[in-house]
Amino acid sequence: MLKSLSFTDYTLAELTGIFREKNFPAYRAEQAAGWVYKKLVFSPGKMTDLPPDVKAFLSDNLHVTGSIIERVFESKLDSTVKFLVKLADGNYIETVFMAESGGKSAVCISTQAGCPIKCAFCVSGRNGLKRNLTVGEIAEQILHVNAHCRDNASSHNVKESQSRPVRNIVIMGMGEPLLNTDNLLKALEIITAKWGLGMGLNRITLSTAICPREQLDKLVKSKLVPNLAVSLHAADDNLRKKLVPHCKADIAEIVRNAKWYRSATGKELTFEYVLLRDVNSSAKDAGNLARLLKRCNVKVNLIVFNAVKDSEFSPPPEKDVLKFQDVLIRAGIMTFIRQSRGQDISAACGQLTSSE
Ligand code: SAH
């Protein structure tokens, strides 16, 4: 007797192997995956074209969602929705859905419960790392959002007929994705495969604060290569060590690794920079950043610090933000200011936590 497994932990090849062992025809695995990923039907009893013995096997041994939506928070400021997701072992993670009319909706997914990097201005790492998410826990975040939107279509700016509203994925929720690369890669296979969620890699962006060459190399070798965003936050190493204390690499190495990934994949490369008042947001800081990135042909996303509880940091005044952007633009660097979303429900960058 198999112990109870999670359906979403497995690729189709693995599911087929499990089905074969039970003497079920291989195509039944693909049929079941179709119910889960295409039709968002998670209860084997409702998978109408499966024979009773396959349904019984699924019910007894391969449950579909190990994680459940515990609470849903809807922003009154914009159409952002935050999901508090409870994992099978009682840990919590958060997933954010940013609905947009015109099909630009995005989901922000987590890869770890908690985070070990402990960026000075971010709450996700305050209690350290609880654990890596499993493959299924990563993939299920998208299933949950899609199913929720299907069931609540009218209230979330999504067309009634649009059964799978998630178009873009940003791997920018809780956790450092490149410390959970193996599980993330398998989840990306499920997310992008034709038999799975069938989403394009060009619509997926991974954000990392550490940018290690060895892990980027794993992505390249697997050919599951999302766009890359690198959380830089400082142009000099002393300051970066204070802001991102648990990153071993220095800035030169981070930039080198990021550029290597871009040349190996042809993917988009963006640097993220959180603007903190009196810390890293002066015109001089902007000049240093411009010198660092001038010839790199990259995009910069400025993120104005989002207030988090008990923080020593605050956002700079708007005129400093615009000045910072202006310095970069004058140096020929495409620079955007990221619009903050879902602030009233603590769903914005750096506000996600694993505590209920
Ligand atoms: N762990 C990944 C994804 C983090 S969230 C990473 O660090 O890249 C995405 C971005 O939000 C990161 O650039 C992160 O540094 C930033 N961020 C964290 N806390 C923030 C806060 N309080 N205000 C604004 N941005 C924040």
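Trainee: In which sense do β9 and strand β10 pair, and over how many bridges?
Mentor: In this predicted model, β9 is joined to strand β10, which covers residues 204-208, by a pairing of strands. One residue pair in that register is I169, whose bridge partner in β10 is I204. The sense of the pairing between β9 and β10 is parallel, and the number of bridges is three.

Trainee: Which helix joins β9 and β10 in the β-α-β unit, and what is the handedness of that unit?
Mentor: The unit is made of β9, a helix of residues 181-192, and β10. That helix is α5, and the unit is right-handed.

Trainee: Which residue of β9 stands opposite C108?
Mentor: Strand β6, residues 106-108, also pairs with β9 in the parallel sense, over three bridges. Within β9, which spans residues 168-171, N168 and V170 point one way while I169 and I171 point the other way, and all four are buried. The residue of β9 opposite C108 is V170.

Trainee: Which residues touch the most other members of the largest nonpolar core, and which helix gives the most to this core?
Mentor: The largest nonpolar core has 109 residues, and those touching the most other members are F7, L62 and I169. Among helices and strands, the one to name as giving the most to this core, with seven residues, is the helix of residues 135-151, α4.

Trainee: Why does this core lie between domain 1 and domain 2?
Mentor: The chain is divided into domain 1, residues 7-61, and domain 2, residues 68-345, and the centres of the two, taken over C-alpha atoms, are separated by 33 Å. Their contact takes 14 residues from domain 1 and 17 residues from domain 2. The core lies between them because residues are given to it by both domain 1 and domain 2.

Trainee: Which residues is I169 in contact with, leaving aside its neighbours within four places in sequence?
Mentor: I169 is buried in β9, and its bridge partner I204 in β10 is also one of its contacts. With those sequence neighbours set aside, the contacts of I169 are V107, I109, I142, I191, M199, R203, I204 and T205.

Trainee: How many disulfides does the structure hold, and how far is C211 from the nearest cysteine sulfur?
Mentor: C211 is buried, with a relative accessible area of 0%, and C296 is buried as well, at 5%. The sulfur of C296 is 12 Å from the closest cysteine sulfur, in C211, which is too far for a bond. The structure holds zero disulfides, and for C211 the nearest cysteine sulfur, that of C247, is at 8.5 Å.

Trainee: Through which helix does the chain cross from β13 to β14?
Mentor: Strand β13, residues 299-304, pairs with strand β14, residues 334-337, in the parallel sense over four bridges, and L302 stands opposite I337 in β14. The β-α-β crossover from β13 to β14 is right-handed, and the helix in it, residues 318-330, is α10.

Trainee: Is D310 buried or exposed, and what is its relative accessibility?
Mentor: D310 is placed in the loop between β13 and α10, and its phi is near 50°, a positive value in a residue other than glycine. D310 counts as exposed, its relative accessibility being 70%.

Trainee: Where is K223 placed?
Mentor: K223, which is not a glycine, has a positive phi of about 65°. At 66% relative accessibility, K223 counts as exposed. Its place is in the loop between α6 (213-222) and β11 (227-231).

Key. Residues are numbered from 1 along each chain as its sequence is written. This is a predicted model: local features need pLDDT of at least 70, side-chain atom pairs count only at pLDDT 80 or more; totals for chains, interfaces and linings use all residues. Side-chain values use heavy atoms; hydrogens and water are left out. Buried means under 20% relative accessible area, exposed over 50%, partly exposed in between (1.4 Å probe, protein chains only). Helices (H or I, at least four residues) and strands (E, at least two) are DSSP runs, numbered from the N terminus. Two strands pair if DSSP finds at least two bridges between them. A crossover is right-handed if, with the strands pointing away from the viewer, the path from the first strand over the helix to the second runs clockwise. A nonpolar core is a set of buried Ala, Val, Leu, Ile, Met, Phe, Trp, Tyr and Cys residues joined through side-chain atoms within 4.5 Å. Domain bounds come from an automatic or database domain assignment. Contact means heavy atoms within 4.5 Å. A disulfide is a pair of cysteine sulfur atoms within 2.5 Å.
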